[in-house]
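Trainee: Could you walk me through this one before I go back to the bench?
Mentor: Gladly; have a look at it here, and then ask whatever comes to mind.

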Amino acid sequence: MPLDTAAIRRQFPFLAPRVDGQTIVYLDSAATAQKPSCVIDALTEAMKTSTGGVRRGMHPLSERATTLYESARQEVARFIGAQPQEIIFTKNATESINLVARSYAASVLREGDVIVLTLLEHHSNIVPWLQLSEEKGIAIRWIDIDDAGRLRMDEMEEALSDPRTKLLAVTGQSNVLGVRPDLATVLPMAKSHGVRTLVDAAQRIVHTPVDVRALDCDFLAFSGHKLFGPDGIGVLYGRGELLRDMPPFLGGGSMIRTVDRAHFLPEDPPYRFEAGTPPAAEAHALAAAIRWLTALPLQDREAHAHTLLSHAIERLRRVKGLHLLGPGTADEQCGLISFTLNGVHPHDLTDLLGQRGICLRAGHHCAQPLHDRLGITASTRLSVGLYNTIEEIDTCVHAIEEIQQAFQQ
Amino acid sequence: MDLSAEHILDHYRHPHHKVWLEHPTVTHAEQNWSCGDALIVQLCIEDDRIAAIGWSGEGCAVSQAAMSLLSESLEDTTLTEAEALSARDVIDLLAIPIGARRLKCALLGLHTLQNAIRAFRSLPPLTWGETVGNAEQTR
Ligand SMILES: Cc1ncc(COP(=O)(O)O)c(C=O)c1O
């Protein structure tokens, strides 16, 4: 059954008629998703009724906040097939990846070890490893893509079988090309060579079911805000047996058992990795977002994204001088398509589209090594969400054509 | 950006002084890291006057038009006059509203020019913050 887009749109306040009469066509969900009312309500409700120090205090408000926070952890654990104690709440996917770099990798990897990255990675799955590599003399090995953006599996196999390779950090879905590396092949391959794995699921989690046991990865990171949840909350899944031996990340309150003038004894996971007062209302709202999303049948969500994207690809392909990046099919790309347009810089294009209320992202999308590989400095990205319609895609493509004409006159 | 501002698109399509000088006194490159736009400015300096200016680079209509307009305004000025150019002056030259997200596009040319002159004078380059100055408040 197709998604009832009209009913979904009614749940999103950003689509409500505006006083200035401008309608918003939001085609930038890959940057951050708009929030449905139930998520906004969950956030305000938690702040109204359950503001209290999480796990700090005996009073009823503390207890309520703690209950919200820990039930959110259980909700997230169910969502990705993990145990609650394997779920660490962070600020976003970026912090989750930094946690793995600072805690796990910094304590386990040695000079001369190799970390494998792919050219599809977002800066947040690159820079923490470059920092570590500078500090500890760890080498980074890059896996190339073919011209359509598919990972070079021959290079992957070779890199993973190198005995110096200790960690693979790979995206679950490119935020520029929309391609999803074949994790079902890559992760077991890594495991068979004793290589630990981290999956950056920031994009993938929105479109594709993620089960950490089935994937059999060691770490997996994502942000709440792309998943229709609030800003300021992210998730790190870590395999229980690895978390047990990892040193703390940030130090402070809540992550310790005891402190004296000279020492501290850290808490057990996941608390060991959650220093300071945690975001209880945000966790609660993230759980609401996950419930909202998963209540919509997966098949319908997939069909919706596929229909919109194939339509966008087909329409964009007909624009003269427009070059699609990636394979250029909705079967291989998920939720987004990036492109360049002869004679119109992405910043000009998105600025002018923005003036018409049409929101697309332009730039290098925090993926400079990928743009270098593609031989461009910037691109424009159209990404779709559950609230988008075919008509919105048409409005956008039509506007692109008009802007292009104005530039060519 | 204002598309009805035909002069911006004109300068973008037909930039002025976008030439490579064979014997410049100074050549200097700057980049807007947030978008990758890059400019190279070349100056021939004779007795503290800008005798010739050339530039090259890639980028959006705003950054390219601003550089083109700026280079026109520099024909036969003194270095001191060029150094006195402010962010406000460049925005006035463009004569279109420049929002916060396009400010760096508009000022990349000025930033490159000022740092070319500073390189000539063996002074340390201005930071982006110094070039943008109080343009953000005065807008
Ligand atoms: C693939 C990918 N990884 C990581 C991130 C980082 O997410 P955040 O900025 O929320 O930490 C993003 C989004 O910006 C992304 O698209």
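Mentor: We can talk about the contact between the chains, then the ligand, and then some details of the backbone, keeping in mind that this is a predicted model.

Trainee: Okay, how many residues of chain B are in contact with chain A?
Mentor: On the chain B side there are 16 residues in contact, and they meet 16 residues of chain A. The area buried between the two chains is about 1,300 Å², and carbon and sulfur atoms give 48% of that area.

Trainee: And how many salt bridges are there between chain B and chain A?
Mentor: The count is three, and one of the pairs to look at is D351(A) with R102(B), where the closest N and O atoms are 2.4 Å apart. As general background, side chains of opposite charge can pair when their charged atoms come close.

Trainee: What about polar contacts across that interface?
Mentor: Nine residue pairs are found in polar contact between chain B and chain A, with both residues of each pair at pLDDT 80 or more. On the side of chain B that touches chain A, helices α1 (6-13) and α2 (61-73) of chain B each supply at least two residues, and α1(B) gives the most, with three residues. Sorted by character, the residues on that side of chain B are nine nonpolar, two polar and five charged.

Trainee: Switching to the ligand, which residues come nearest?
Mentor: There are 13 residues around the ligand, and the nearest of them are T94(A), D200(A), S223(A), H225(A) and K226(A). By type, that shell consists of two nonpolar, nine polar and two charged residues.

Trainee: How far from a ligand oxygen is the polar side-chain atom of T94(A)?
Mentor: For T94(A) the distance is 2.5 Å, while an N or O atom in the side chain of K226(A) is 2.9 Å from an oxygen atom of the ligand. H122(A) also has a polar side-chain atom 3.1 Å from a ligand oxygen. Taken on its own, the ligand has 390 Å² of accessible area, and the protein covers 87% of it.

Trainee: Back to salt bridges, how many does the structure hold over all chains?
Mentor: Over all chains there are 38, among them the one between the side chains of E75(A) and R78(A), at 3.2 Å from N to O. Both residues lie in helix α3 (residues 60-80) of chain A, three residues apart, which is about one turn of the helix.

Trainee: Last topic: what kind of peptide bond joins P269(A) and P270(A)?
Mentor: That bond is cis, with omega about 0°, and P270(A) sits in the loop between β10 (264-266) and α11 (280-295) of chain A. For context, most peptide bonds are trans, and most residues other than glycine have a negative phi.

Trainee: So where is H365(A), and what is its phi?
Mentor: H365(A) is in the loop of chain A between β14 (361-363) and α14 (368-374), and although H365(A) is not a glycine, its phi is positive, at about 55°.

Definitions and conventions:
Residues are numbered from 1 along each chain as its sequence is written. Chains are lettered from A and ligands numbered from 1 in the order in which they are written. This is a predicted model: local features need pLDDT of at least 70, side-chain atom pairs count only at pLDDT 80 or more; totals for chains, interfaces and linings use all residues. Side-chain values use heavy atoms; hydrogens and water are left out. Contact means heavy atoms within 4.5 Å. Buried area is the accessible area (1.4 Å probe) that two parts lose on being put together, summed over both. A salt bridge is a side-chain nitrogen of Lys or Arg within 4 Å of a carboxyl oxygen of Asp or Glu. A polar contact is a pair of N or O atoms within 3.5 Å; within protein, one must be able to donate a hydrogen and the other to accept it, and residues adjacent in sequence count only if both atoms are side-chain atoms. Helices (H or I, at least four residues) and strands (E, at least two) are DSSP runs, numbered from the N terminus. Ala, Val, Leu, Ile, Met, Phe, Trp, Tyr, Cys and Pro count as nonpolar, Asp, Glu, Lys and Arg as charged, and the others, Gly among them, as polar. A residue is near a molecule or strand if one of its heavy atoms lies within 4 Å of it. Accessible areas come from the Shrake-Rupley method with a 1.4 Å probe; for residues, only the protein chains shown count as cover.
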